[in-house]
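Ready for some practice with charged side chains? Take a look at the model below, then work through the exercises one step at a time.

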Amino acid sequence: MTAQKVVHLPTQAEMEQAKISSRTLSKYANADRVQMSLRGSNGETDELVLPGHVIQILLDVLSEMSRGNAISLIPHHQELSTQEAANLLNVSRPYLVGLLEKGDIPFRKVGAHRRVLLTDVLTYKESIDRQRRETLAELTALSQSEGMGY
């Protein structure tokens, strides 16, 4: 599978159709698998069975589209450039390069360019998010024990 780097912002009509479709599909969110009938605008018809986790992915896509957001699908084994990884983490590229050089995120060099596995970036993001939640919980507990915020 290759990653598609096409960005398509949904039109107003597509946003509305995504909202309607997600409502219909949400009834099947907890199913182990779903059998679907497809009928294209070209007259083609097909039957298919989708695993439950694929339905959840489709619901996520439709939900984002209904809000007007573009969606990207990236395989977990995908390698990212430093700019792509920085964008994913919402940091600057120089900051990301610093994380790489410190050893916080593994990378490899291809010529003069650094490449980072998506799984490594997501693992780092999960770790940082967990640390932030723990710190916030500690600050909340401390402020409550000190009687702050009343």
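## Exercises on salt bridges

In this predicted model, Arg114 and Glu101 join their side chains in a salt bridge, with 2.9 Å from N to O. Arg114 belongs to strand S5 (residues 113–117) and Glu101 to helix H4 (residues 93–102), so the pair links distant parts of the chain, 13 residues apart.

**Exercise 1.** Find out why Arg114 and Glu101 count as a salt bridge.

*Solution.* Start with the general idea: side chains of opposite charge can pair when their charged atoms come close. Next, recall the cut-off: the nitrogen of Lys or Arg must be within 4 Å of a carboxyl oxygen of Asp or Glu. Here the N to O value is 2.9 Å, so the pair passes the test.

**Exercise 2.** Decide whether Glu64 and Arg67 are buried, partly exposed or exposed.

*Solution.* First, locate the pair: the closest N and O atoms of this salt bridge are 2.9 Å apart. Then use the cut-offs: buried is under 20%, exposed is over 50%, and partly exposed lies in between. Glu64 has 28% relative accessibility, so it is partly exposed. Arg67 reaches 53%, so Arg67 is exposed.

**Exercise 3.** Describe how Arg132 and Asp129 are placed, and which network they join.

*Solution.* Begin with the helix: both residues sit in H5 (residues 118–145), 3 residues apart, about one turn of the helix. Salt bridges with shared partners tie Lys125, Asp129 and Arg132 into one network. Finally, check the distance: the closest N and O atoms of Arg132 and Asp129 are 3.7 Å apart.

How values were computed: Residues numbered from 1 in each chain as written. Predicted model: local features only at pLDDT ≥ 70, side-chain atom pairs only at ≥ 80, totals over all residues. Heavy atoms only, no water. Buried < 20%, exposed > 50% of the residue type's maximum accessible area, 1.4 Å probe, protein only. Helix = DSSP H or I, 4+ residues; strand = E, 2+ residues; numbered from the N terminus.
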